[in-house]
Amino acid sequence: VLNKIDLPGAEPERVAGEIEELGLYRCVVGLDCSDAIYCSAKEGIGINEILNAIVQKIPPPKDNAEKPLRALIFDRYLI
């Protein structure tokens, strides 16, 4: 997720390119940004895409009827 794309100086395409280039030099980041989601919570851009990606990429919990209940909660707080 590339966040804050609504800021005046944001250059999401350049930043994605830099993140990918770092992988060529075996640095810490070096990720494939081909499926990166560009978002701005302030403008509401990309929010549905993020939620859909979470649903697609995080598997549902296994059946643990005999074990105590557990939950994974995504929360946000806006100031």
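Helices and strands are taken here as DSSP runs, a helix needing at least four residues and a strand at least two. By that rule, the protein chain of this predicted model has two helices and zero strands. Helix α1 covers residues 12-24, and helix α2 covers residues 47-57. The chain holds 79 residues, of which 11% count as buried. Its accessible surface comes to about 7,400 Å². Carbon and sulfur atoms supply 57% of that surface. Contacts between residues at least 6 apart in sequence were also examined; 36% of them join residues at least 24 apart.

The segment before α1 contains Lys4 and Ile5. Lys4 has a phi near 65°. This is a positive value in a residue other than glycine. Most residues other than glycine have a negative phi. Ile5 has a relative accessibility of 23% and therefore counts as partly exposed, since the partly exposed class runs from 20% to 50%. Setting aside residues up to four places away in sequence, Ile5 touches Ala10, Pro12, Tyr38, Cys39, Ser40 and Ile45. Ile5 can also be placed relative to Lys42, 37 residues away along the chain. The C-alpha atoms of these two residues are separated by 9.6 Å.

Ser40, one of the residues touched by Ile5, lies in the loop between α1 and α2. Its relative accessible area is 0%, so Ser40 is buried. The side chain of Ser40 makes a polar contact with the side chain of Asp6, at 3.0 Å. Beyond residues up to four places away in sequence, Ser40 touches Asn3, Ile5, Asp6, Ile45 and Ile47. Ile5 and Ile45 thus recur: Ile45 is in the contact list of Ile5 and in that of Ser40.

Ala36 belongs to the loop between α1 and α2 as well. With 24% relative accessibility, Ala36 counts as partly exposed. Ala36 and Leu2 are 34 residues apart along the chain. Their C-alpha atoms are nonetheless separated by 6.8 Å.

Charged side chains were considered next. Side chains of opposite charge can pair when their charged atoms come close. A search of the whole structure finds three salt bridges. One of them joins Arg14 and Glu11, with an N to O distance of 2.9 Å. Another joins Glu18 and Arg14, with an N to O distance of 2.5 Å. Glu18 and Arg14 are four residues apart in helix α1, so about one helical turn separates them. Each of these residues is partly exposed. The relative accessible area is 40% for Arg14. The corresponding values are 42% for Glu11 and 39% for Glu18.

A further salt bridge is formed by Asp35 and Lys57, whose closest N and O atoms are 3.3 Å apart. This pair links distant parts of the chain. Asp35 sits in the loop between α1 and α2, whereas Lys57 is in helix α2, 22 residues apart. Both Asp35 and Lys57 are exposed. Elsewhere, salt bridges that share partners join Glu11, Arg14 and Glu18 into one network. Arg14 is the shared partner, pairing with Glu11 and with Glu18.

The surface also carries a nonpolar patch. Ile58, Leu72 and Phe74 make this patch, which has an area of about 320 Å². Ile58 lies in the segment after α2. Its relative accessible area is 36%, so Ile58 is partly exposed. That value also passes the threshold for patch residues, because these need over 30% relative accessible area.

Technical notes: Residues numbered from 1 in each chain as written. Predicted model: local features only at pLDDT ≥ 70, side-chain atom pairs only at ≥ 80, totals over all residues. Heavy atoms only, no water. Patch = residues over 30% accessible without salt bridge, like charges linked within 9 Å, V, L, I, M, F, W, Y side chains within 5 Å. Areas by Shrake-Rupley, 256 points an atom, 1.4 Å probe, with all protein chains shown as cover. Salt bridge = Lys/Arg side-chain N within 4 Å of Asp/Glu carboxyl O. Buried < 20%, exposed > 50% of the residue type's maximum accessible area, 1.4 Å probe, protein only. Contact = heavy atoms within 4.5 Å. Polar contact = N/O pair within 3.5 Å; in protein donor to acceptor, adjacent residues only side chain to side chain.
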